[in-house]
Amino acid sequence: MARTALVTGGSRGIGAAISKALKAEGHNVAATYAGNDEAAAKFTEETGIKTYKWNVASYDESKAGIAKVEEELGPIEIVVANAGITRDAPFHKMTPEQWHDVIDTNLTGVFNTIHPIWPGMRERGFGRIVVISSINGQKGQFAQVNYAATKAGDLGIVKSLAQEGAAKGITANAVCPGYIATEMVMAVPEKVREAIIGMIPAGRLGEPEEIARCVTFLASDESGFINGSTISANGGQFFV
Ligand SMILES: NC(=O)c1ccc[n+]([C@@H]2O[C@H](COP(=O)([O-])OP(=O)(O)OC[C@H]3O[C@@H](n4cnc5c(N)ncnc54)[C@H](OP(=O)(O)O)[C@@H]3O)[C@@H](O)[C@H]2O)c1
C-alpha cells in the first residue's frame, strides 16, 4: 500500500538510498536535510523526491517542518530517523561542544522527529518507525564516546517505543549499518579505509542500497510482527 514516508537526512548518503528505495516501493517520500541546498536540489532534480530543510536538533523546527510535509503529502505513516553526524575525538580531548552537537542531532533529533508524528500514528492505528543506529552503538568505538552513546540510545528508543506502540499497530525497529561507502567514509585517507576494510570479513564496504533494503523490509505493511528489533548489516564484522 502506498504511504507517506519521511526520511531525515534523506538527500545524501544512506538516507538518499532509503528515500529512493521507499519511492520505488510506491511510497510518497519527503526527504529532509540540514543545510546543503545544492545537494538537495540535485537530489530532487534526479529523483523527483521533495526535500525539506530543517535542523532535527530543534523541536520547534521539526514540528513545523513535519506539519508542512503532512499538509503537502498527507499524514506520515513511515518515518526513518536517519540524520546523523560525527564529531570524533578521544575522550580526553572531547569538548562539551562536540558531545552536545552529537547528542542534540543524533539522539534528541530522533525524539524531535518521532514525537510530533507519534500521536497521528496512534490515532490512525498504523505506523512504521525505523531508526538508523550504527555498529558503533553496539560495540563502542575509539574516539566516538559521543556518537556511540547516541547510537546505543537509538536501540533503547526503539525497544521502548515498540512496547508503547504495538497495541496501536505501530512498529519501531533499528538498523545498525557497519561501514558503508558514503561520502563520509570515502573521504577518509585510503590507508585508513583499507584498514577498515581489513576488519570486515566480507572484504568490502557496504553499499547504501544494502541498508535501504533493510529499511523497506521493516517499513512494509507485512512486517507488523517485527517490533523492537535490530537488523545488523555489517558484512560479518560484529555480532550481538
Ligand atoms: N556511513 C556509514 O558508514 C554509517 C555507518 C553506520 C551508521 N551510519 C549512520 O547512518 C546515517 C546516515 O549516514 P551517512 O553516512 O549517509 O551521512 P551523510 O552522507 O553525512 O548524510 C547525512 C544527512 O543527514 C543530514 N543532516 C545532518 N545533520 C542534520 C541535522 N542537524 N538536521 C537535519 N539533517 C541533518 C545531512 O543534510 P545536509 O546534506 O544538509 O548536510 C544529510 O542529508 C547517520 O545516522 C549515520 O550515523 C552511517
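1. Let's start with a pairing between two strands of this predicted model: Ala81 stands opposite Val131, a residue of strand S5. S5 covers residues 127–132, and 4 bridges link this strand to S4, with the two running parallel.

2. S4 has a partner in S1 as well. Strand S1, residues 4–7, is joined to S4 by 4 bridges, and this pair is also parallel. If you would like a residue to look for, Ala5 has Ile78 of S4 as its bridge partner.

3. How many residues of strand S4 are buried? The count is 6 of 6 for this strand, which spans residues 76–81 and is mostly covered.

4. Now to the ligand. The residues around the ligand number 29, and those that come nearest are Arg12, Ile14, Gly35, Asn82 and Tyr147. Sorted by class, the shell holds 14 nonpolar, 13 polar and 2 charged residues.

5. Three polar contacts are worth finding on your screen. Asn82 places a backbone N or O atom 2.7 Å from an oxygen atom of the ligand. For Tyr147, a polar side-chain atom lies 2.5 Å from a ligand oxygen. Lys151 also brings a polar side-chain atom to an oxygen atom of the ligand, at 2.8 Å.

6. How much of the ligand does the protein bury? Taken alone, the ligand exposes 910 Å², and the protein buries 92% of that. Helix H1 (13–24), helix H7 (145–165) and helix H8 (183–186) are the elements that each give two or more residues to the shell around the ligand.

How values were computed
Residues are numbered from 1 along each chain as its sequence is written. This is a predicted model: local features need pLDDT of at least 70, side-chain atom pairs count only at pLDDT 80 or more; totals for chains, interfaces and linings use all residues. Side-chain values use heavy atoms; hydrogens and water are left out. A residue is near a molecule or strand if one of its heavy atoms lies within 4 Å of it. A polar contact is a pair of N or O atoms within 3.5 Å; within protein, one must be able to donate a hydrogen and the other to accept it, and residues adjacent in sequence count only if both atoms are side-chain atoms. Accessible areas come from the Shrake-Rupley method with a 1.4 Å probe; for residues, only the protein chains shown count as cover. Ala, Val, Leu, Ile, Met, Phe, Trp, Tyr, Cys and Pro count as nonpolar, Asp, Glu, Lys and Arg as charged, and the others, Gly among them, as polar. Buried means under 20% relative accessible area, exposed over 50%, partly exposed in between (1.4 Å probe, protein chains only). Two strands pair if DSSP finds at least two bridges between them.
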